[in-house]
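Biologist: I would like to go through this model with you. Could we look at the overall picture and then turn to the sheets?

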Amino acid sequence: MNHSRAIRVIILMGIIWWLVGGTAVATAQSNTRIVSANGPYTTITAALEAAQPGDTIEVHGGIHPALTVDKTVNLVGLDWPVIDGLGQGAVVVITAPDVQFQGFVVRGSGNEPDRNHAGITVAAPRALVADNRLEDVLFGVYVAQGADTIVRGNDITGKAEYDVGRKGDGIRLWYSSGVVVEQNDIHETRDVVVWYSPGVIIRDNMIRNGRYGVHLMYTDQVEISHNHLLNNSVGAYAMYADDVVISHNLITGQRGPSGYALGFKDASNVLVHDNVLVDNGGGVFLDGTPFDPQSYGRFENNIIAFNDVGVTLQPAVKGNSFSGNTFWENVSQMTLQGGGTPGANNWQGNFWSDYNGFDADGDGLGDTPYISERFFENVTEREPRLRLLAYSPAAQAIEFAGQSFPIIRPQPKLNDPAPLVEPGLIPAFAAPPAPPIWPLVGTAVTLILLGLFCGGLATFGAPIRRPQPTNPPTQVNPMNNSSSPIANLRITGVSKRYGKVYALQDISFTAQTGDAIALWGANGAGKTTLLKAILGLITFEGQIEVNGRDARRDGKNARRHIGYVPQEAVFYDWSVTATMQFYARLKKADPARIPFLLDQLGLAEHSAKPVPALSGGLKQRLALAIALLDEPPVLLLDEPTASLDAQARRDYLQLLIGLRQAGKTIVFASHRLEEVEALAGRVLLLEQGRLVETVPANELRGRFAPEVEMAVWVAEGVRPFALAHLQQIGLNPHLNGRGSIVTRVQNGQKMNLIQSLNDNGIQVMDFEIEQ
């Protein structure tokens, strides 16, 4: 009897299990709810009202209104459905835990920053926000008390009509611990900001064209790794944060008012390792770090190259260690601001590009210490405007005085007792796949880090060579009407090595009167090193003649025939006229030329203005006027229009074209195709220090840029129609942070795009071409 009862119980349990399992299967099959134009649900709201926790709602295309997700569901967009807030409030608000939201276009938030108008607001834990496109939103993703949320694979951009300070944050975390932010492309927004949110991981993101790439406030146990932070005002800044690890990031182009790649204020237990910090205003900035005397700040195996300042230390900074880092061609390798105390931090086993010691025993470490005590560098720390003289003989004279007269010899700022004699290896993350147009950031950084490090800023303290007796140079009459052109510049077999690495290798070319020659290549290809060699600022092998003068043997006279214009000139707060008069005295040039030059370069009406009141384009004209004071036959220019807007760039190029037509020989380094096409007759293609080919300027675009990126400005009210039209004709346009529409077009189709917009009643107010 008991046996029979047991059998019946087992059979009954099996039936119950089958019924429950079957119901579960049936429920699972019915848990996907479809939203589409053909139903069964036509609105997301209706599907949400019917959904049970755990359901999946598939949304197939369409445009939908703003949404509040108050149930634990999985919202999945197919064919990029749009959720449009129509410029009011937050667009998507998630108030239930464990929500998944992915595959949508979210656009059109409100514009009130104090009300946190965002594309997606997460106000509950464990959300997954993935693979969405956020456009025209004030804040991108705002996670407020949403612990353990994942924000992954989203493309986030802000409101194009606002400048960067008025935009909202691309991602903002507020009291949300354990959040993971990964694989997002965040661009033309303000910051990625993390407040009171411990245990956050920020990795594998592209963060570009904003204010702060990443900003930590009162946030501990944070990992920031494998990100690309490009062209922001500041890369990553940690304030009042402990236990911060920053590793394997590429940070380049931070050029805001401070321009730090990495900054730390009152932070403790900071580990910064294996990052690449290239071409920023500053590499590392430390203020009150480490804050706790018992904590640490460790900076290990980073590459810090071509920054204005490698490391900046505030007066109270002590107890940090720097080891295994590569410091290459920073204008100042390290700066102590406000009279900080040398020796308060530990420098051990770093590579320094300006190290003049030796390694006799071959152990990879220098046998004499590296001591940072360059006088000109110390002077520029107190007077940054003097960096205008960085490429000039004046800088060499100042450095020579500092070395020769102990009374003005600077106090050493750091002592590395056993420096490395070889730079660090290239991290794999610093060599991303090549983009469709060569060269861009990835290629540039790759070549820099190949150990060439040859296209950077001036190396201060180059030795001044006493002119040697030579035969008088052959005099050339600039008015000679002979059919043979005059060789104003002759480069023969020029090579330059840094240790075992060639920065220039067997470069030869000749520039005649009226020639305009462009130096083309990625950062590190040798462009600026070649300019430095022509200026006589570095030693080299081979021969350089400037208007018949040997640049090595008779450098002073050779330089008198050269006018040099740096990429960004820095001036004192004098008037335009006073500035010209100062440089005329410095160059021993005829001051009577000043009114002529001011009139020629369109500066006459600005002659009484203080230089800081000038626009960027006018400042660059002033730098050109200074270069022309002593009527040099040769002009050298380093990225002459890099910091100018489109109109100022066109105006400046017209001035240079006029100078070329008047007989000036112009040699300039550039990465802008339209600049090269407008000004140059031929282009020297440099790669890894070698002259690989010389090509006509009109062939360059077809070879290296079969496609171009084109920015088009139209009236704000017709931007949506312009976007829609460009999409209809097969392009992939998007808004950028400057109020323009950007798209890629075939090189020969640029004017067709403008004509197509005009034919459809959309007037193009301006356009700009990027290579």
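Biologist: Of the contacts in the protein chain with a separation of 6 or more, what share comes from residues 24 or more positions apart?
Modeller: This is a predicted model. Residues 24 or more positions apart account for 59% of those contacts.

Biologist: And how many helices and strands are there in the protein chain?
Modeller: The protein chain has 15 helices and 55 strands.

Biologist: What percentage of the residues is buried?
Modeller: Of the 771 residues in the protein chain, 52% are buried. The accessible surface of the chain is about 32,800 Å², and carbon and sulfur atoms hold 53% of that surface.

Biologist: Now the sheets. In what order do the strands of the 12-stranded open sheet run?
Modeller: The order is 4-7-10-13-16-19-22-25-28-31-34-37, with parallel pairing. Strand 4 (67-69) and strand 37 (332-336) are the edge strands, each pairing on one side only. On average, neighbouring strands of this sheet are turned by 10° against each other, with direction ignored.

Biologist: How many bridges join strand 4 to strand 7?
Modeller: Three bridges join strand 4 to strand 7 (residues 92-94), and the two strands run parallel.

Biologist: Which residue in strand 7 is the bridge partner of Leu-67?
Modeller: The partner of Leu-67 is Val-92.

Biologist: Let us move to the sheet of six strands. Is its pairing parallel, antiparallel or mixed?
Modeller: The pairing is mixed in this open sheet, whose strand order is 47-48-49-44-50-51. Its edges are strand 47 (562-565) and strand 51 (690-696), each of which pairs on one side only. From one strand to the next, the twist averages 20°.

Biologist: What about strand 44 and strand 49: in which sense do they pair?
Modeller: Strand 44 (residues 516-520) pairs with strand 49 (residues 665-670) in the parallel sense, over five bridges. Within that pair, Ile-517 stands opposite Val-667 of strand 49.

Biologist: Which strands does helix 11 touch?
Modeller: Helix 11 (residues 646-661) packs on the sheet and touches strand 44, strand 47, strand 48 and strand 49. The direction of helix 11 makes about 155° with that of strand 48.

Biologist: And helix 6, which strands does that one lie across?
Modeller: Helix 6 (residues 527-535) lies across strand 44, strand 47, strand 48 (634-638), strand 49 and strand 50 (682-687). Helix 6 runs at about 145° to strand 48.

Note on methods:
Residues are numbered from 1 along each chain as its sequence is written. This is a predicted model: local features need pLDDT of at least 70, side-chain atom pairs count only at pLDDT 80 or more; totals for chains, interfaces and linings use all residues. Side-chain values use heavy atoms; hydrogens and water are left out. Two strands pair if DSSP finds at least two bridges between them. Helices (H or I, at least four residues) and strands (E, at least two) are DSSP runs, numbered from the N terminus. Axes are lines fitted to C-alpha atoms, for helices over the stretch in contact, and angles run from 0 to 180 degrees between N-to-C directions. Contact means heavy atoms within 4.5 Å. Buried means under 20% relative accessible area, exposed over 50%, partly exposed in between (1.4 Å probe, protein chains only). Accessible areas come from the Shrake-Rupley method with a 1.4 Å probe; for residues, only the protein chains shown count as cover.
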